Amino acid sequence: MKIAVCVKHVPDSRVRIDAGSKRLDRSGAGELNKFDTNAVEEALRVKERLGEGDVVVVSMGPEGAADTVRAALALGADRGVLVSDPGAIGSDLLATSRVLAKVLEREQPDLILFGQQASDGAGAVLWAAVAERLGVPSVSQATELVVEGGRARVTRQTERGDDVVEAPLPLAVAVSDAINDPRYASLKGVMAAKRKPLETLSLADLGVDAAQAGEAGSKTVVLGIAPPPARSGARRVEEGDAAQAIVDFLAERQLV
Amino acid sequence: MSAVVFLEHDGGELHKAPLGVLARAADLFGSADAVVVGSQATALAAEAGRFGAAVVHVADDPALDPALPAPRVDVLETVVRQGGYDTVLFSNSVLAADVAAGLAARLEAGLNWDLVDLEQRDGELVGKRPALGDSVLVDVGWRGTPRLALFRPGSFDAVETGGVAEVRPVAAALAPHSTRAILVDHRHQPDEGPKLEDAEVIVSGGMGLGAPEHFALAEELASVLGGVVGATRAAVYAGWYPASAQIGQTGKTVSPRLYVALGISGAVQHKVGMQGSKAVVAVNKDPNAPIFEFSDLAVVGDVHVIVPRLVELLRARKGS
């Protein structure tokens, strides 16, 4: 059983948008998207339950993303593949899904896992595009995953309750952050991760044409950034008669 | 420009949020069409017309009833190719997000998501997307067509135009991988009590209430404000409140005139479900609770002290 986990290197805490390029500034230190730790954890649990398997961490990002892949290896994944190429900078959903699909075509995993969203706010839809490119089914918001006999049974949470979906492998699953409590990396895990294989690939290595990645391969553009949408008159009450302050607010807004 | 909007439905009713997108599209483009999928599609086409759809493409097939994304990608691909649409619009949901992203890859089309508005500028479409915890508003565009967009639910109000739609059946061939996933069980919670989605006032409780019985505070405040009670995923998972009251990414998406958050930290999961609220009042004893970043009135304090007094004040006000 080969399990691929797609992870994202996200800027840590204080994200800013670069005024010149209008893109997220990724120059600072980054970290493993916390929602992806649920996907790594689930991959490890599937492997542990089956008693066999190869967990490969797949990512696309700047050189610094190698640390993010190592962070996933420290949790127990077996090896990593990082696509890092200046030509991939500025890739949108279409271009990113194209590059990741190329890596996954090479790897031929039985199961492809994603986290439910990126903590840097850049969306929650990648798996469906990747699955479509690979011609495999996908299930999102998974709160339970059982893999057995070449099939998966996935419980997914929707707005109106739980759905249970069954599909043959290969399958792409985006896990909910409610599916598990991810383990922490042990010191032993961190040390071991340094010696685990991490392959770094360029777009050329994958046979992806420069016109198919980065801004050239993208079909969405950022045109500009406007000042914050005004939540006009936001107020804070820390002392005094809080209940009265709420009544005053409601009266002012004609809500009572 | 020609736009088509993906409409969702359940229990024999079209969802309001995509009808809001339809209203915005009709306003922006002069006219907008719709797609309805599943065995009730034809029956619902008239309702779509009443909410402003000029043409409703219906894929009326019980095989499409399970809420799975891949067959819907096949239907939309057929509609977009045959209808020559250059713009395809969705209101975000667990299902719609997967359909939109699958369609983007299928059509090699640009997808912008989490939009709160759409406008035309010099003949080009421009989407508005809040970013970085809603601290900035980003203008986004598309290169080429078709253009795909996912909107935050509650971005637009549905408008009943009383129109009559032309109904066109769609016969879409399903891709081989579209039928591999099957829905084997469906544990949907029946809605209890008044509908959260239509409520003008919602009072929600989270783990900060401290114990399940303290949801009585939320109920009492909701009652005096004429509102409905909601809950966070954590509170629902803890068994403190029924799942039908859950607000958030995997719960209900609401956009009331007033949203009162009691003991709710404001995780992204929850925020996604209530960020369309017109006014937000939050009470939390943690001064750094993320909910305060998107509250109009941030009250740092103990819900158990503040809420009973608030109820008393509101009752006195009503009585006077």
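How many residues of domain 1 of chain B are in contact with residues of domain 2 of chain B? Keep that question in mind while you look around this model, which is a predicted one.

**Chain B as a whole**

Begin by selecting chain B and colouring it by secondary structure, where 8 helices and 18 strands are assigned. The radius of gyration of chain B is 21 Å, close to the 20 Å that the globule rule gives for 320 residues, so chain B is as compact as a globular protein of that length. If you turn the chain in the viewer, you can follow its C-alpha trace, which spans about 60 × 45 × 40 Å along the principal axes. Of the 320 residues in chain B, 55% are buried.

**The two domains**

Next, select residues 3–179 of chain B, assigned as domain 1, and give another colour to residues 201–319, assigned as domain 2. The C-alpha centres of these two domains of chain B lie 31 Å apart. To return to the opening question, 8 residues of domain 1 of chain B are in contact with 7 residues of domain 2 of chain B, and the domain 1 side of this contact holds 3 nonpolar, 3 polar and 2 charged residues.

**A sheet with strands from both chains**

Now show both chains and pick out the open sheet of 6 strands, which runs in the order S13(A)-S18(B)-S17(B)-S16(B)-S14(B)-S15(B) with parallel pairing. S13 of chain A and strand S15 (228–231) of chain B stand at the edges, and each has a single partner strand, so one side of each is left without a neighbour in the sheet. On average, neighbouring strands of this sheet are turned by 15 degrees against each other, direction ignored.

Within the sheet, select strand S14 (residues 201–205) and strand S16 (residues 258–262) of chain B, which run parallel and are joined by 5 bridges; here Gly205(B) has Leu262(B) in S16(B) as its bridge partner. Then add helix H5 (residues 215–225) of chain B, which packs on the sheet and touches S14, S15 and S16 of chain B, its direction making about 170 degrees with that of S14(B).

**Where the chains meet**

At the other edge, strand S13 (residues 235–237) of chain A pairs in the parallel sense with strand S18 (residues 297–300) of chain B over 3 bridges, and Val237(A) stands opposite Val299(B).

Finally, select the whole contact between the chains, in which 69 residues of chain B are in contact with 60 residues of chain A. On the chain B side, helix H4 (residues 94–107) gives the most, with 9 residues, and this side divides into 38 nonpolar, 15 polar and 16 charged residues.

Methods:
Residues are numbered from 1 along each chain as its sequence is written. Chains are lettered from A and ligands numbered from 1 in the order in which they are written. This is a predicted model: local features need pLDDT of at least 70, side-chain atom pairs count only at pLDDT 80 or more; totals for chains, interfaces and linings use all residues. Two residues are in contact if their C-beta atoms, placed from the backbone, lie within 7 Å. Helices (H or I, at least four residues) and strands (E, at least two) are DSSP runs, numbered from the N terminus. Ala, Val, Leu, Ile, Met, Phe, Trp, Tyr, Cys and Pro count as nonpolar, Asp, Glu, Lys and Arg as charged, and the others, Gly among them, as polar. Two strands pair if DSSP finds at least two bridges between them. The radius of gyration is taken over C-alpha atoms; the globule rule is 2.2 Å times the number of residues to the power 0.38. A residue is buried if 20 or more other C-beta atoms lie within 10 Å of its own, exposed if 12 or fewer, and partly exposed in between; C-beta atoms are placed from the backbone. Domain bounds come from an automatic or database domain assignment. Axes are lines fitted to C-alpha atoms, for helices over the stretch in contact, and angles run from 0 to 180 degrees between N-to-C directions.
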